[in-house]
Each structure stands twice: as structure tokens, then as C-alpha cells.
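Open the model in your viewer and keep the selection panel at hand. The stops below say what to select next and what is there.

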There are 2 protein chains.
Amino acid sequence: MIDFIPILKKYKPTEEQNQEMERTASEIMGKINSILERDHINARSLLVGSVAKCTNLASGDIDLFVVFSKKYSSREMERLGLRIGHEVLPQGREKYAEHPYVSGQLGERKVDIVPCFEIAPGTRIISSVDRTPLHTDFVLKHLDPEGRDQVRLLKLFMKAIGVYGSEIKVSGFSGYVCELLVIKYGSMLDVLRIFAALRGKMRISLTESEIKEFDAPIVIIDPTDLTRNAAAAISLENFSRMKINSRLFLSKPDKIYFNAEAAYVPEKYRERGTVMRIFTLERPDIIDDILFSQANRFRNIIVQILEEDGFLPISSEVDLSENIEVMVECKIEKLPATRTHVGPPVDAQNAMDFIRKWSGDKSVLGPYVCGDRLCADIPVEMRDLEQVVRERLKGFIIGKNIDRYKENMKIIDPSRSNEEFLVLGKFYSKTLPGLPP
Amino acid sequence: MIDFIPILKKYKPTEEQNQEMERTASEIMGKINSILERDHINARSLLVGSVAKCTNLASGDIDLFVVFSKKYSSREMERLGLRIGHEVLPQGREKYAEHPYVSGQLGERKVDIVPCFEIAPGTRIISSVDRTPLHTDFVLKHLDPEGRDQVRLLKLFMKAIGVYGSEIKVSGFSGYVCELLVIKYGSMLDVLRIFAALRGKMRISLTESEIKEFDAPIVIIDPTDLTRNAAAAISLENFSRMKINSRLFLSKPDKIYFNAEAAYVPEKYRERGTVMRIFTLERPDIIDDILFSQANRFRNIIVQILEEDGFLPISSEVDLSENIEVMVECKIEKLPATRTHVGPPVDAQNAMDFIRKWSGDKSVLGPYVCGDRLCADIPVEMRDLEQVVRERLKGFIIGKNIDRYKENMKIIDPSRSNEEFLVLGKFYSKTLPGLPP
């Protein structure tokens, strides 16, 4: 097996980094608490996230909750939460998860100040954010320092193979899922052994209670809320990636599986003897989770158009790190000038209308009989890929945040460009990092 | 309605032509009878076909049967039949239907001398050829001279729209079916009215007896053998053509529907903005019905290859009037240089083998995970349409009569040729002759 000590040394926060984080966190919590006192607000500040759970990597964010009494209405809570956030982080910007919150920078460190309600374990759920303090308590109680390092290693492995992060853009494993897996199986290597040996679905509970039925490839029951699948965000593809990479790593261990810098970088076109186009839109200033749904819809609509119009799309990718970039690869660049239009059966009421409509100059050949139907070979007006996408996109509503950028869509043929594209970097990075022995 | 008198005048045999045909037929029958007497063969000669039924067109053949006593074995009957045929038609050539027979020319007129067995109506069938004398009797009994002219007009209509002929190459309406239809409905126009009004299948019997179940779009019970569908040769497409052309003609009568010279002629390529190739083989000297099955198989195999390899065939045609010509039209001339090879699920036993096999230089991209499977984008070796067909055809057996010509197959790009091709003429002639008002 490879040596994990240098890996932990590289990515685990040092004593100094931990002190710095604690200082920053205390400072913010002090500020919040004095505002709460000053304004007679019935709430408390709470450090959450990986820092609170002591499973953070050196580069981690600081996540702070302002936990409100349930006597407040949702609207009141959100209003007060934002006011506090802006007062503490004057340069911060409003973002939106289940509630709006303020996100900013303090020195080098990213800080989020998120409002939520107080709840007790087992209480009826109010929002997923409200559950987070319960997760912190559970993880602190069940992981010792060695276990926390095992969580860090598992996170690094997942980052390197591209399956870490529960945001929609990634649809992978959350930090909390990593923690639950290590609590259940004891170590990072044990977790990998479970995935490597697994065939089909995964069903895990940390308690004795029966597992509720979920229609998902991977189900990990949240021990703080037995009705919830903590692994619901994980896609079949990322679950599959985790399985095969675990098998690959265990069959031939290699440091490459713990290279957390493995995220993709912009790359140039590589010749593939296919037809490739990159469609770019300016990125509106909204959070990834909302934007990604729309960007993905944008990709799906382009693929659908190319599919329906016969350009034979074979692959596609979407990236929204900087701009919205959609890459689509097709087999055909220009459609044939003639296509067979299949009409009604010869028996149909409207058979004569079809013949009248497609006779003479209207057809290249026909109308004629094919099987029991009428057909006509008719000219194709729009044959060029870019023209077809531009024209047909007009008929689609993509999403309220990006529709207004549609007009300025750029279409780039990367084989005729020297530019580098993030979406190409993402596309190429699909290749599995390692090899079996 | 249009005037049918000039049409009949043009295509119905004149008094002189009839006398000439009768003379020729008598002469041949005389020769046959003297051979039968000389060699003590228990058989008789019989004039059959449209000449015997008085429904012949001016250009029709003379069909003569030699009807053998059932005391002969099949082999004996065939041997004697051929000997007689060769003696009567010294220039004649052997052909093969259900029994071998001799086909030759006498002056301008084509003559077939076909051996068969004597049977009585309702007797157990021996062969379909044996049934023909019964058909002659039935038609002579049920059609008066006016009815015979109506049959001639119906044949001319069917020839003009390309559905006349029960040979496999055409898969259309036989002369006997035309006769039965006129016997049933009274006139050519009445037959057209029936087809024009018809929706779905056709089920006809000329007797009161219940119709046997046949799995065919059109069933016309043979009145001389109630277990037989006389329309079994008719394809769904030709049945549909008959329906729509009947509707078209009745809605706007036009002489063009009785132009029996409408058969296709060789034609040059017309630009369609697609990829077209003509595959030609030398024509072996066998009868059409047998050759057509093999030529059609040849066409189907080429289309299958092009389909499987992703050239997207959109139409095809086969002609064997002179050479065997197969035309195939595709959307793609050259395949992309890369294709996605979908491998086993990540869970599969052989997942590691797939990764090992397609790693490094073997793939353009991958192996990677797509859904729950492994994939690899791999290089395509053969990309050219002609090369792919030539190479892959080697793995197919087409048929014993044309396999040996496969080596000398020519592939022609008609868009780069000034030649005329029968198969193109056939392809273009699909267009319906007329228009609705």
C-alpha cells in the first residue's frame, strides 16, 4: 500500500492553519453574538461544516449558522439573517440555498453566514439546512482524530476521481456522506473495499432500524433523520465511478488517486475526426445549483435539436466555471439536400391532400408508395449545423436566468481555433486516472 | 371518362395478329402431337395462358402445356417434357419454374413449352403449373368478349402503374387475378372503384363458400381450388399502389394510366445532395424468379452492412434486367474517425479486462464511466463506404448463382459518371403517374 502520511501532511490543515481558522470563526461568532444581544434577537451562532466536524482540508471554507428560535416566521428569520450577514461581512454577497444567506471573504478564507431554525433530533423537518447542526453533533460524537483523518483521505480520493461534492453540478458524495461511510466502516481503505466488492445497489444504515425504500442506486440513511437518504444527490454515474476507481486503486495503489488538484483545466481541441462545436453564453450572477439546471437544459436542448434534425450527436459536455460552455460532438456537419418525408397510409382520408401538396416541384422524387404509405423525397432547406441550432433554439425557453443571453450565443468550431476551453478540459478529464496491474 | 376505344385499338391484338398466333400455336401443337404419337407417350398438348383465355395483349407470349398422364413419375414427365420442347424449339433454352421447361422464339413471338400432369377439378394438388388448365377452362366459361376487353384494360392499367406480373421481381397482380376481378365485378372501372373505395385488406371469393383465413393483405380465393389464395404473390406495396392509383385515376381520368410502355428506361444520375453508389454484378443465366431472390439478398446485405457500420442508408433499389444493379443511397460517405465503444457495466467480472484492453494508445479518450458502464472512444479503421462494403461483403454468402461474381463487383459513383443506369430509371419511376384534381 502507498504511504498516506505525506498525503495527509500536504492537505490536512497544520496547527497554525487550525488556530487561524478558530480565530477567524471566534471573531465572527463574537460579532454575531453582540448583534444578537444588541438587537434582542432570540438566536445563537453556531460553527458548522467540516471545520466544526474537524474533518476539514487545509483549503476548506468556514460555515457559520445563525440558529433562530422557532417563534420567528420564516420571512422574519430570513430578513434578520441577511441583516446580520451583511453587518459581519460588509463585502459579502447574497446567495440562495433553501434560505438566502451571505457569503464573503475574510483574509484568504471563504466564509458563509447562513440562517436557520432550531430543531431537536427527530422533530418534523423544517429545511435541510436546519438539519446541519444535528450532523455536526453526530459526527463529532462518532469520529476520533484518526477517523477524521480517514475522512480527509476519503475526500481526497473522491476529489481526485471527480465525485466529491453534493452540489447539482457534481452530483457526487457530500462531506457528510464521507463521514458516515468512515463511521460505518472504520477507515478510508475499508470504505474503498466495500465499494470495490459491491455489485448493484448500496443500502446502508448506521442504526439497527429497517431501511426505508428509496428509488436510488445508493441509499445511506441519515442517522439524525431516518426518513432521509443522505446519498440522494449521488448520480448513478458517480456511484459507478466510485466503484470502479476503488477496484482500480486497490488492485494497483497509486498516489495519483489522492491528487486533489486533479480538477480539469482549459484545453485545446484534439483531432477526433468528428464534428465538434462549442456553444457559449455569458454567465449570469446566480449560484451554481440554480444555474446548472438551466445550463444543462441548454445542453439538452441543443442535443435534442441535433438529434431530431439528424446530425447524430455522439457526445456532449457542459461547464459553467467561467462562461456557460456547451460542447456537442456530432457525426454530421451538413445534412443531405434531400430527405424522405413519410406521409399518411394510402387508405387515409388525407392521402389525396398529401399527393397534391408534394407533387411536381415540391418534391425531388414522388409522391410514391412505400409499403402501405405515401412518401415524398423533399428538399432540405437548412442543412448547416450552426444555422439549424440558431434557428431552432428560437423556439425554446431555456430558463429565466439565461434566456436573455441566448441572442449573444457564440458558436465556435474548436478545430479551427487555438483557444483553450474549460469544457474541453472537463470532457478529456473523463478518462479513468489509473490502470489495473 | 376517357375514351377506351383507341386504347384497346392500340394494345388488343388485331384479327391478323390473332390469326398469326393461332397459326403458330396450331403448328407447334401439331408438332408436339406427332412426337407424342411417334413415341407412344400418354399425353396431350394444350394451349394455355392469355392466348387460350382470349385476354391477351398484342405483344403476348404463347404458352403451351404438354399434359401428361399421372402414370408417369415426376422425373419421367420432366425428362420427356424437355425432350419434346427441344425438338419443337431447336433454338430454345431450358428454364426452370416448378418443373424445367423449354423457352424459345418463333418469328417475333415468344413461346414456352411446359410439361405438367393431368388433374381433375378439386383433386389433390400436384403442382401450381398443373392448375393452369383449370384456370383456362374457368376463364373461358365466365368471360364474354366484352369481359375479355375489360381484362385487357385492367392489365394495361396495372402495367402502367407498375403492379402487373406475379413473378417475384414484380410481386404484383397476375393475369389470372385480373380475370377473376373482372369476372367478380363486371368491368375494369368497377374493379378500380372497388380498390379506390377499399380501406384495409381485401377478401374476395367468387363462390358462396366461406373464405379460408390467409395472412395476406389481399386474398382472392381461386375458384378452381378453394384452399388457394390466387393473390398470394401481391405485396402490400403493390396492393397499396393499386388502391391509391385507382383513387387518383377515378378522381381525374387520364390516358397516362393506360400507357403500357411506361416501364422504366436507363437514366442518368440526378443531383440529390446525398451519397449514392451503384453496385453491379454480372448476371448469371438463370430465370428471374430465382435470380431475383439472390439479387435482393445482395441488396439487403449491402444495406445491412451500411446500416450496421453507420452510413445511414436512406433508400435502395435493385434491377436485374441486364446486369444485377443495386443502388444504395446514404447520408454519410466517410465515417467519423472516432467512435464510442460501449463496454461492460462497472460491476461486471470483465470490467478490468475492458480497462486493460482499451487503455493508453488504444483509445482516443478513455476508458471512462458513462452511466453504470465503461466506455472508450476508439479509432475507426475503415471509414470509406466503398472500402467497408467490399471488406465486409467477404463475410457473406449471397447465393449460389451470384457468389462467384462477387469478386468482380463494380462500385460506381453515379454522380461522377455520365452513364445511364436501369436501376436509376427504376428508382425514379416510383413517382405516382397522376395527380388529384
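## Stop 1: a buried strand

Select A:I221 and A:N229: A:N229, in β8(A), is the bridge partner of A:I221. Helices (H or I, at least four residues) and strands (E, at least two) are DSSP runs, numbered from the N terminus. Two strands pair if DSSP finds at least two bridges between them.

Before going on, a note on what is loaded. This is a predicted model, in which local features need pLDDT of at least 70, side-chain atom pairs count only at pLDDT 80 or more, and totals for chains, interfaces and linings use all residues. Residues are numbered from 1 along each chain as its sequence is written, while chains are lettered from A and ligands numbered from 1 in the order in which they are written.

Now select residues 225-229 of chain A, which form β8. β8(A) runs antiparallel to β7(A), and two bridges join them. The hairpin between β7(A) and β8(A) passes through two residues.

Select residues 218-222 of chain A next. This is strand β7, and five of its five residues are buried, so the rest of the structure largely encloses it. A residue is buried if 20 or more other C-beta atoms lie within 10 Å of its own, exposed if 12 or fewer, and partly exposed in between, with C-beta atoms placed from the backbone. In a regular strand the side chains alternate between the two faces of the sheet. Show side chains: A:I218, A:I220 and A:D222 point one way from β7(A). A:V219 and A:I221 point the other way.

Add residues 202-204 of chain A, strand β6. β6(A) pairs with β7(A) in the parallel sense, over three bridges. A:M202 has A:I218 as its bridge partner in β7(A).

## Stop 2: the whole of chain A

Zoom out and color by secondary structure. Chain A has 13 helices and 15 strands. Its C-alpha trace spans about 85 × 60 × 50 Å along the principal axes. Of its 437 residues, 38% count as buried.

Color by domain. The bounds come from an automatic or database domain assignment. Domain 1 of chain A covers 5-128, domain 2 143-258, domain 3 275-334 + 383-428, and domain 4 338-379. Taken over C-alpha atoms, the centres of domain 2 and domain 3 of chain A are 32 Å apart.

## Stop 3: a four-stranded sheet

Which strands form the open sheet of four in chain A, and in what order? Reading across, the order is β10-β11-β9-β15, with antiparallel pairing. The edges are β10 and β15 (410-412) of chain A, each pairing on one side only. From one strand to the next, the twist averages 20 degrees.

Select residues 288-308 of chain A. This is helix α10, which packs on the sheet and touches β9, β10 and β11 of chain A. Its direction makes about 25 degrees with that of β11(A). Axes are lines fitted to C-alpha atoms, for helices over the stretch in contact, and angles run from 0 to 180 degrees between N-to-C directions.

Go to residues 275-281 and 324-330 of chain A, strands β9 and β11. They run antiparallel and are joined by seven bridges. One pair to label is A:I278 with its bridge partner A:M327 in β11(A).

Switch to chain B. Its strands β10-β11-β9-β15 also form an open sheet, in that order, with antiparallel pairing.

## Stop 4: where the chains meet

Show both chains. In all, 43 residues of chain A are in contact with 42 residues of chain B. Two residues are in contact if their C-beta atoms, placed from the backbone, lie within 7 Å. On the chain A side, α9 (236-251), β10 (313-319), β12 (338-345), α11 (351-357) and β13 (365-370) each supply at least two residues. α9(A) gives the most, with eight residues.

98% of the interface residues of chain A are also interface residues in chain B, so the copies meet through the same surface.

## Stop 5: the axis

Superpose chain A on chain B: a rotation of 180 degrees does it, with 0.0 Å of shift along its axis and an RMSD of 0.1 Å. The two copies are thus related as by a two-fold rotation axis. Copies are superposed by least squares on the C-alpha atoms of residues with pLDDT of at least 70 in both.

Finish on A:I332. Of the residues of chain A, A:I332 comes closest to the rotation axis, at 3.8 Å (C-alpha).
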